[in-house]
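Biologist: I'd like to go through the empty spaces in this one and hear how each label was earned. Can you take me through them?

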Amino acid sequence: MQIISSSTQRTELYEKFKLKIIHNSCLDRTLVSYQGNKQTPFSSWFKYREGFSERLVTYLLQTFKPEPGVLIDPFSGVGSSLFAASALGWQTTGIELLPVGIFATQARIVIQKIDVELLKLEIKKLTQINFQDYYDQLFKFNHLAITRGAFSAINEEQLIGYISYCNNVIQNKDISRILLYAAFCILEDISYTRKDGQYLRWDSRSGRSKGNSEFNKGEILSFEDAINRKLKQIISDLNINSIQLDLFSDDSLLELATKKSSIVKNTEPNLYEGSCLEILPTLQENSIDFVITSPPYVNRYDYTRTYALELAFLGCSEEKVKYLRQKMLSCTVENRDKRNYLEDYYTAKERYQDFLKIDFTFKSQAALQEVLIILESYKKEGKLNNENIVRMVGNYFYEMCFVIYELSRVLKPGGIVTMVNDNVRYAGEEIPVDIILSDIAESFGLKTRYIWTLGRGKGNSSQQMGNHGRTELRKCVYIWEK
Ligand SMILES: C[S@@+](CC[C@H](N)C(=O)[O-])C[C@H]1O[C@@H](n2cnc3c(N)ncnc32)[C@H](O)[C@@H]1O
């Protein structure tokens, strides 16, 4: 039997929110600058493709809360929101599950306090040594199955020699960490792989057969070239930064400089490594003024595969990577459901009533249930290219209910949540993530101020809600207020 796709519930929800869906052209200009040379120096050292523009953070804070307060990002990635907010005097907290983002954020904390002259001295020494001479078996690259063969033998040997030198020879832990971070930033450049959509793409020169397609990623740098370029870039960016600080040498600006340095000291980000599903429930209620965040999108993107080289560099074993994949907010077809685990967690915290309330909100979100029923029928008809897509979509929203409930709880009255996210489509069926999440937020006492769209405009109208494979999907920033 052919199932007819119905979009009644989604259309109704669209009608409820349509006046809030507004195209914000300021945001386009701010976000367009994300890629490329308008990034802050630090964020251009390591390409975290999911990181957002720090100018967006500044824009959001200045628009809604010009007076600094307490900010949290529960999916903090490499910490863009934390550092941009810190620079404006905010006290910031980040939660990040993957060691990749944690390592990058910690490196940036260290770099803010680094003795630049000492770093330059160590880098100068580095340019004169042969890395292979320092090769220590202890630091050999702990490959995962999906990274094996990613480097040429010579590049891998030099990389390990460099890591060994940083660990065994360099005494100053902060300098050593920054030098290791430089190597972390060039792993893709010196490898046969390229981060591409949902997985690592392999260059045919690797000799590793991955499908039939002949892929050539272009120039693959030697370790020596790549690390020298990266270190040069770091020093040049740090020099510019210290020149900017020197501008404060004028007496009349001294006060400002003192203020600036005291702000930097006071607002070093507070970072939690782990899942926000576990950490948010431990935070005090009514304690946060502002949330800026971008959760994973429900688009099958697998961070643990894309960043496999970096995870291996950081010493993650195969088991650890599998563990992290399951701990992540469900956004891949492999994620299993966390319902029992969340029930146990909330019960152990003596918050079973909260669990029931969140669980009920998920089950009663009509537009979402409409989508899930349709996707389930598509699954039975064999119309989905992976049958776990339904499970993924259900789990994504289930877990987001917990995140949003907790954000609403920890927010002070008058506090603001800003969230960047994209709508998605499976088997031609639109999932209006923006209005579903906004409706869930409203069930938990938040009010939707705007759903700002990016790109060309408002996206689809209510008439186009259901199965309309080619209409534009909205990319949005939601603004909710307590
Ligand atoms: C879209 S990215 C956010 C990037 C961030 N805005 C930045 O500028 O770097 C989503 C992040 O959420 C992290 N993440 C996924 N599941 C998580 C969880 N359960 N708890 C905390 N972080 C999680 C991912 O590792 C990823 O870094």
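Modeller: Sure. The count comes to 1 cavity of 30 Å³ or more. Keep in mind that this is a predicted model, where local features need pLDDT of at least 70, side-chain atom pairs count only at pLDDT 80 or more, and totals for chains, interfaces and linings use all residues. Residues are numbered from 1 along each chain as its sequence is written, and side-chain values use heavy atoms, with hydrogens and water left out.

Biologist: What makes a space a cavity rather than a pocket?

Modeller: On a 1 Å grid over the protein atoms alone, a cavity is a set of points where a 1.4 Å probe fits but cannot get out, whereas a pocket is an open set with protein on both sides within 12 Å along at least five of seven lines. The largest cavity holds about 30 Å³ of space, a volume being the space filled by probe spheres set on the points, which are joined across faces, edges and corners.

Biologist: Which residues line the largest cavity?

Modeller: Lining means having an atom within 4 Å of a point, and among those that line the largest cavity are Tyr301, Asp302, Arg325 and Asn335. By class its lining has 5 nonpolar, 2 polar and 2 charged residues. Here Ala, Val, Leu, Ile, Met, Phe, Trp, Tyr, Cys and Pro count as nonpolar, Asp, Glu, Lys and Arg as charged, and the others, Gly among them, as polar.

Biologist: How do you know where the ligand sits?

Modeller: A molecule sits in a pocket if more than half of its atoms lie within 2 Å of the pocket's grid points. The ligand passes that test for the second largest pocket, so that is where it sits. That pocket has about 960 Å³ of space and 42 lining residues, with Arg49, Glu50, Gly51, Ser294 and Tyr297 nearest its centre. Helix 2 gives the most to the lining, with 3 residues; helices (H or I, at least four residues) and strands (E, at least two) are DSSP runs, numbered from the N terminus.

Biologist: What makes Tyr48 a polar contact of the ligand?

Modeller: The cut-off is a pair of N or O atoms within 3.5 Å. An N or O atom in the Tyr48 side chain is 2.6 Å from a ligand oxygen atom, so the pair qualifies. Backbone polar atoms also reach ligand nitrogen atoms, at 3.3 Å for Leu97 and 3.1 Å for Leu329.

Biologist: Why is Arg300 singled out?

Modeller: Most residues other than glycine have a negative phi. Arg300 is not a glycine, yet its phi is positive, about 75°. Arg300 is in the loop between strand 7 (288-293) and helix 13 (303-306). Ala427 also has a positive phi, about 50°, in the loop between strand 9 (424-426) and strand 10 (429-431).

Conventions: Polar contact = N/O pair within 3.5 Å; in protein donor to acceptor, adjacent residues only side chain to side chain.
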